[in-house]
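User: I'm new to reading protein models. Could you walk me through some features of this one?

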Amino acid sequence: MKIVRSFLACAGFVALGCTPGLAQQITGTPGSPGATTTITGEQLPPPDPKFGGVINEKASDSTPWWAPRIVPPKGAPNVLLIMTDDQGFGAPSTFGGVIPTPAMDRIAKEGLRFTNFHSTSLCSPTRAALITGRNHHSVGYGVVGEIATGYPGYDSIIPIEKGTIGTILKENGYATSWFGKDHNTPSYQSSQAGPFNQWPNGMGFDYFYGFVGGDASQWQPNLFRNTTAIYPFEGNPGWNMETAMADEAIGYIKQLKEVAPGKPWLVYYVPGATHAPHHPTPKWIKKIGDMHLFDDGWNKVRETIFANQKRLGIMPQDAKLTPWPDGLPQWDSLSFEEKKLFIRQADIYGAYLAYADNEIGRVIQAVDDLGELDNTLIIYIGGDNGASAEGMVNGTPNEFTTFNGVSVPVKDQFLWYPFWGSERTFPHYAAGWAWAMDTPFKWVKQVPSHFGGTAQGMVMAWPGHITDVGGVRPQFHHVIDIVPTILEAAGIPAPEMINGIKQSPIEGVSMMYTWDKAHANAPTTHATQYFEMLGNRAIYHDGWVAATTPATLPWELSTKTPPDVITGYNWELYNVSDDPTQFNDLAAKMPDKLKEMQDLFYLEAKKYNVLPLDNSTLARWNTPRPSLTAGRTEFAYSGELSGVPASAAPDIMNKSYTITADVDIPEGGAEGMIVTQGGRFGGYGLFLSKGDFGVGRGKVVFLYNLLDLKRTMWEGPELEAGKHRITFDYKADSTNLGTGGKGILSVDGKQVDTNSLEHGIPVTFPEDETFDVGQDTRTGVALLEYRYDTPFKFTGKIDKLTFDLGSTHQ
């Protein structure tokens, strides 16, 4: 093969973005079908090159010419970028935890372990920062998208002038893919109507296989291939997304190896684990349960983890374990029943983490088996924030009780004890376990002011390029540093333009300087980093941290009015160079230093769209957003429709409404779902009953499922063949969150049943469920009485279905 060296690179290729003097790499004969070229990358995509052949009247007198295929620079690695969810710094064995994570251990032994690496303290903000290399407020994710507000730092829209690593690598010749959780598509743009520019495919990832939103059942997820909903779990007992996702990624990598063996790839691999619901397989539940890792309780487990961390060099020998908080019970103070339940919760969580790590290990081993390990940069981040206390003090069999401000008593949770972790639960552990999983730090997920909310164990390996194999790195770094690290490793510059839009500078710094053994203790190149989430805030600068004391507890989510976001917080001060666990508060001793750090925070806040500060939480769920339903009070449907997210569905919460269904029943009767939103863990459904052995089939039923805690039903007659009108008219007692009300079910103008709700779901239906007409996808709203199997398609005809949320229904 003819190779044209870099000094000839710019001849005839100015239109490809080449700048004279830069080392563009060309292989093959220019203009031939097999020629390739790198680009300098200032402009993405590069403009089409000028035709380099000859055109005369006859083809026989002309010379064809093909534009060269764009490829990354020689030696650019594959990139396997892995991040788990809600894991906690001290959970995995790699960072001292009691839960075995051999895949993470493997990468640590083959590369480096980073002990001072940080997130934003919450899911989608960390993910937005990770894929853009910019701070989370800079890219619209000051909070999770579900509580987005209309300010630049909080609107959940990644600006077009801040392109993603997917876009950059794709335009430089990489194959790009995204597997798992997508929490960066705005909830109000997540329907079939799009727009799709903020979906993975629109953010530079050519292939997407995963779920959209903050969490999903691993047994029946809201799963997409690209932008199309798929249901591989239907009729497939035992299917679990952790395994299916690994299978899909392995198949994708194998296919690339065989179809395009020299083409580097980016695989962004982000499983739902270990965010609730904790859904491991029975095999892993037994395996971890038999190890009795948590029998001694959270206080003892925390001490064990801390001792392990010192043994592994994760923490220095003189580090101090931060105190247990007053707001959470000591293990020895618990009753026998509480201990039994909480151990079960932790066993399921531990099984989920071990299971997820095992599937990650399968992907890594597949890369090895394909002979690609030496060519692959693997970055494995343990969690996108600290461990989650969103199970509240006692845990919950259904995470959506937390998001609706409902606490489930311990004695009631035993109804789900035998099924914990199965498809019958959407479980989360008690907050005490979250504090333990964040050992040795204080606080948990949602809290950016302390390392318990932001510290993430991270490992990185690239054989032959990281020279201190098995080393530990203490330098302070942040999730925004991953993009510049990947770009430096690939030899690809950050672009100046993407799709004609001038790009803002990447805000992170590369971590490659840490790879050499000689630089094991080099000073960090990331000198300053602000943190802010839900009003809590902190600033890191040159080994110092100033931080607010959290004024609200993350395990007590409520709609209570929080303190003033500026004056309602105390500040703490730590020298984390000497005190890495934030044990010794120096604020009282060093007020001048504290004031200096506070001033620096507000300078950074103005620079990165952090203002205005807002410390409300659940109240922001119902903030009006520019959704497809904004301002609408009437909705009409017919036939079948499925997979519509809540943002594009009629919102019946905390208001009066009327549902009217005109249906046509065939001879012999009908059954099936007319309309539903939600599922097993909360929601409603209007349907004709399935019946038992032919008895009771075709009865009109409206069922309201209050978070799997109570089901209220309205029942009507069996419908005979012909046309019928079914009406459910609900009058709310008020417009307060969680208000009750009275419902009347009518058939053909005649009232057939009246019933009342003491309370309704106040904030959100399960976000992994959808609004469906003519069928019910994923899980059903009924449990025992009127139980049915999904998709429970309506066997009659829906001529018209309407929702009236109008002004007469206040």
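Analyst: Sure, starting with vocabulary: helices (H or I, at least four residues) and strands (E, at least two) are DSSP runs, numbered from the N terminus. For instance, valine 270 sits in strand E12 (residues 265-270). Keep in mind that this is a predicted model, where local features need pLDDT of at least 70 and side-chain atom pairs count only at pLDDT 80 or more, while totals for chains, interfaces and linings use all residues. Residues are numbered from 1 along each chain as its sequence is written, and side-chain values use heavy atoms, with hydrogens and water left out.

User: Is valine 270 buried or exposed?

Analyst: Buried means under 20% relative accessible area, exposed means over 50%, and partly exposed is in between (1.4 Å probe, protein chains only). Valine 270 has a relative accessible area of 0%, so this residue is buried.

User: Which residues is valine 270 in contact with, leaving aside its neighbours within four places in sequence?

Analyst: Contact means heavy atoms within 4.5 Å. By that rule, valine 270 touches Met83, Arg127, Trp178, Phe179, Gly180, Lys181 and Met245. As for C-alpha atoms, those of valine 270 and aspartate 384 are 9.6 Å apart, although 114 residues separate the two along the chain.

User: How do I read a pair of packed helices?

Analyst: Two packed helices are described by the angle between their axes and the distance between the axes. The axes are lines fitted to C-alpha atoms, for helices over the stretch in contact, and angles run from 0 to 180 degrees between N-to-C directions. Here, helix H1 (residues 102-110) packs with helix H7 (residues 336-369) at about 45 degrees, their axes being 7 Å apart. Angles under 35 degrees count as roughly parallel, over 145 as roughly antiparallel, 65 to 115 as roughly perpendicular and the rest as oblique. H1 and H7 are therefore oblique to each other. On the H1 side the contact is made by Pro102, Ala103, Met104, Arg106 and Ile107, and on the H7 side by Asp357, Ile360, Gly361, Ile364, Gln365 and Asp368.

User: What else does H1 pack against?

Analyst: The buried residues of H1 are packed against strand E7 (112-118), strand E13 (376-382) and strand E14 (455-461), as well as H7. Among the buried residues of H1 are Ala103, Met104 and Ile107.

User: What span should H7 have, and how many of its residues are buried?

Analyst: The expected span of a helix is 1.5 Å times one less than its number of residues. For the 34 residues of H7 that gives 50 Å, and the end C-alpha atoms are 49 Å apart, which agrees. Of those 34 residues, 24 are buried, so H7 is largely enclosed by the rest of the structure. Just after H7, glycine 371 has a positive phi of about 75 degrees.

User: What about unusual backbone angles?

Analyst: Most residues other than glycine have a negative phi, and most peptide bonds are trans. Asparagine 654 has a positive phi near 60 degrees; this residue lies in the loop between strand E24 (641-644) and strand E25 (657-665). With 14% relative accessibility, asparagine 654 counts as buried. Aspartate 542 also has a positive phi, near 50 degrees. As for peptide bonds, a cis one joins leucine 611 and proline 612, with omega about 5 degrees. Proline 612 is in the loop between helix H13 (591-607) and strand E23 (634-637). Another cis bond, with omega about 15 degrees, links threonine 790 to proline 791.
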